[in-house]
Amino acid sequence: MLLLGCVKEVNDFELVISLPNGLCGFVPVTQISDAYSKMLSEQVAEGELQEDLNSLSDMYSPGTLVRCIVTSVEKSADGRRSIRLSTNPKKVNKGLTAAALTAGMLLSGTVSSVEDHGYLIDVGVRGTNAFLPRQKAQNYIKLAKKGPDLKIGQNLNCLIVEVKNEGRIVRLSIDRSEVAASLATERQNWTLSNLLPGLVVKAQVQKVAPLGITLSFLSSFTGVVDFMHMDPKKSVNYSPNQVVKACILSIQPASKLVRLTLRQTFLQPGGSPNQISSDRMGAVVEESTVKAFFKQFGAIFELDDGSLAYARLKHLSKTRKSFKPAAFRTGCKHKCRIIDYSLMDEMCILSLKYQIIEAQFLQYQDVHAGDVVKGKVLALKPIGMQVKITDGIKGLVPSVHLGDTILKQPEKKYSVGDEVSCRVLECRPEEKKLFLTLKKTLVQSKLPVLSNYEEAKPGLITHGFVVCAREFGCIVKFYNDVKGLVPKNELSLEPISSPEEVFREGQVVKVVVLKCEPQQERLLLSFKLTSKPVSKGKREHTPMKNHQVKYEIGKMVDVKVLKKKENGLEVSILEDEGKAIASLPTVYLSDFVTNCKLLWHCLQEGDVLPRVMCLNNKGDHIILSRKSAVISAVQEEQVVRSFSEIQPGMLLSGYVRNVMPFGVFVEFPFGLTGLAPKTSMSDKFVTDTKDHFVVGQTVIAKVMSTDEEKQRVLLNLKVSECSSGNSTVESFALLSQYFKEVKEIRNLLRRRGESSVARSLCDLVPGQELQLVVQDVKEDGSALFSSSATTGLTVTATRYHLGGEGIVPGEKAKGLVLHVDILSSVVHVSLRKELLKQ
């Protein structure tokens, strides 16, 4: 069976595909394409990473439509069906022959090779060589934002532009506008054996029934549009002989059944279905109205926001016996919960079962480190115990966490089906992984849960477990992989010569926090709970104490650079006659990460910096900041000074405090912090959080929700969510500030302009033309140049910016400055004629 599907999730080894009628399928990594499978096999055989082998997340994004074929339907132990799919063109397009290919046809293909002038595309048709010229792919590549090139194994919606030699040579286009305008016609000679899902056709209504509409299309075909795929805005207006546009959803060759959709999203090939907002998933809707009831399938509801949703028959009541059809007449109202979202139907999937509505956890995102959960033992394995929390959430209790002491024969204590109470050690929603502990001391502990380094304040007493005992001391682990060191001298009031003989792996211990450096993820701990964790005497004798009192957060001061340190500047505050010493970290020098490094590089001892803001006045010294966005927020009172002031929907200026695998911690002036989970970090799909943010980066964050009990704030960092109004004005203001700082950096360099290198760096600007002499051409195709205007600098151009022309050392050329890297004294130029003409 052939189906049109939509990528729902991208995992390491499979794609999760949303299918019509609320179904889900899986494409294993080995079912992408022949070329991709070959590269996977070579990597496994050689045991080395293949340079051209991209991960699935590099090629696929949630929301992308793909054609797929069902390869098998497997039944799991708990009775659930698993639909296995393939996107391999040889399977999807198996009904096509070279002779059947005509211009205007739309079909699936995958990249099999990257060439100089374009790409070889595998369209799965024997005897056909398909080529995609580079210019026909540029528009698509730019919009996809997945890199400068298409990747081997990438699935494409291809339009046949030209057919030569009876289909043996085919030229393709993936240009979005050309693909979107394509329409399947009778001239393309489609047959039932080669008809493809995703084709948009003109169709004529034959019959209108409550469960769906029968259509005729391409002169000889008949298909069905079911009740979930009528256009919601027009469902009552269809009439026989009416001409409509429709998209083919599925083809079942055995029964000759073709299903279509009239939903607007699919009536333009290459479109992307509407997605549900992340905060809507799992939401309980107090009143949803029945729009239609189908006794064999389920019911369609209208939610409180006007959108339509679907509940399967089994989710309308607790059991079949308790089901009452009369309660589902049109207009009846019910309480329900959104349990899923079908991208292909653009509908929420609901459940009316009270046990699901009341459930504490519905998806992995609902589970947090430190939560106490109940579950049933599914299996006992050498690595630990598998526990079922809900139908969709399973967790693992590692063998070391099966008890306070390590159990040699856990099967004597636990049996499959036993109910157990566990505590969550770590949850990774994006990987659907949940790690639990059954250690009684941890599960029943009333002490605070330490799940991130931000919470590790000196003096905090909590429970953890030993992961390593060596001659230097013990490493203790907490929740969310937070760990710290108990040095040898803090293990006990009595000296311990061999810690490995006293402490064992997995042992639950009570510790006190001595010191924490969140940015470096360094945590110093002690087992000596009777000793004072923080030495108060030190602070009382701090020489600057009298001067610290007057520097309130938000106070603007002028400072003089005393010393350059590895992570910032030590400065003196001028208004206090240089007696007050403060710290200005490199990451707080600017709102722009690149400018931070440049300013640190250019500033020297004795330089004066005007208008610097006091950001923090705790501890032994004052922390300052030059971040314009943060200074403006404080001066315009667009800040929160206490947790009680935070309200959902607020836009706040802050800076990245820490980047963790599960999200980003953002700190705001006056010390409040919040977490932006991985799913709310970016409008793009996030694979690695460290690819998107760095510590110290200025951000605008939107408050999603607050938890007063746990003093937690959840944030959203998506650009689409964090604009306060006119995004164009905001963007130009940021650019203006950036260039203002670049000008400041150039002026600093000019003042130090004793060297020819510094003078050259100041004089060069992007867009400037240079007369160059080729010095060297490297193996990768890039070239090095010299010029009278770039004395002492490295001038380079990549192969792409040489414009495709062969050059040799000694040759003269004209180039355009693209970028001046002040830190490395490198000038990047281009020899491309189209840039030089401008």
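**Reading folds, cores and rings in a predicted model**

Q: How far apart are the end C-alpha atoms of residues 282-353, and how much of that span is helix and how much strand?
A: The ends sit 13 Å apart, with 0% helix and 50% strand in between. Helices (H or I, at least four residues) and strands (E, at least two) are DSSP runs, numbered from the N terminus. Keep in mind that this is a predicted model, where local features need pLDDT of at least 70 and side-chain atom pairs count only at pLDDT 80 or more, while totals for chains, interfaces and linings use all residues. Residues are numbered from 1 along each chain as its sequence is written, and side-chain values use heavy atoms, leaving out hydrogens and water.

Q: Where does UniProt put the S1 motif domains?
A: The unreviewed entry lists "domain: S1 motif" at residues 1-88, 104-175, 198-263, 282-353, 370-439, 459-528 and 649-718. UniProt positions are in the numbering used here, feature names are shortened, and annotations may be inferred rather than shown by experiment. Take residues 104-175: 10% helix, 47% strand, and end C-alpha atoms 13 Å apart.

Q: What span should helix 1 have, and what does it have?
A: The expected span is 1.5 Å times one less than the number of residues. Helix 1 (residues 34-46) has 13 residues, so it should span 18 Å, and its end C-alpha atoms are indeed 18 Å apart. Just after helix 1, Gly47 takes a positive phi of about 70 degrees.

Q: Which residues of helix 1 are buried, and which on the other side are exposed?
A: Tyr36, Ser37, Met39 and Leu40 are the buried ones (buried is under 20% relative accessible area, exposed over 50%, partly exposed in between, with a 1.4 Å probe and protein chains only). Viewed down the axis, these buried residues fall within an arc of 160 degrees, so they line one face of the helix; the arc is that of the directions from the helix axis to the C-beta atoms. On the other side of helix 1, Lys38, Ala45 and Glu46 are exposed. The buried residues pack against helix 2 (56-59).

Q: Which residues touch the most other members of the largest nonpolar core?
A: A nonpolar core is a set of buried Ala, Val, Leu, Ile, Met, Phe, Trp, Tyr and Cys residues joined through side-chain atoms within 4.5 Å. Of the 55 residues in the largest one, Val559, Leu569, Ile573, Leu584, Leu624, Phe785 and Val829 touch the most other members. Strand 34 (residues 608-616) gives the most to this core, with 5 residues. Apart from it lies another core of 51 residues, including Val111, Tyr119, Leu215 and Leu260.

Q: How many aromatic pairs does the structure hold?
A: There are 13. Rings of Phe, Tyr and Trp (its six-membered ring) pair if their centres lie within 6.5 Å; planes under 30 degrees apart count as stacked, over 60 as edge-to-face and the rest as tilted. Phe217 and Phe221 are stacked, at 5.5 Å centre to centre and 20 degrees between the planes. Phe293 and Phe328 have ring centres 6.1 Å apart and planes at 25 degrees, so that pair is stacked. Phe293 lies in strand 16 (residues 284-294) and Phe328 in the loop between strand 18 (308-312) and strand 19 (333-342), so the pair ties together parts 35 residues apart in sequence.

Q: Is Phe293 buried or partly exposed?
A: Phe293 is partly exposed, at 24% relative accessible area, whereas Phe328 is buried at 4%.

How values were computed. Contact means heavy atoms within 4.5 Å.
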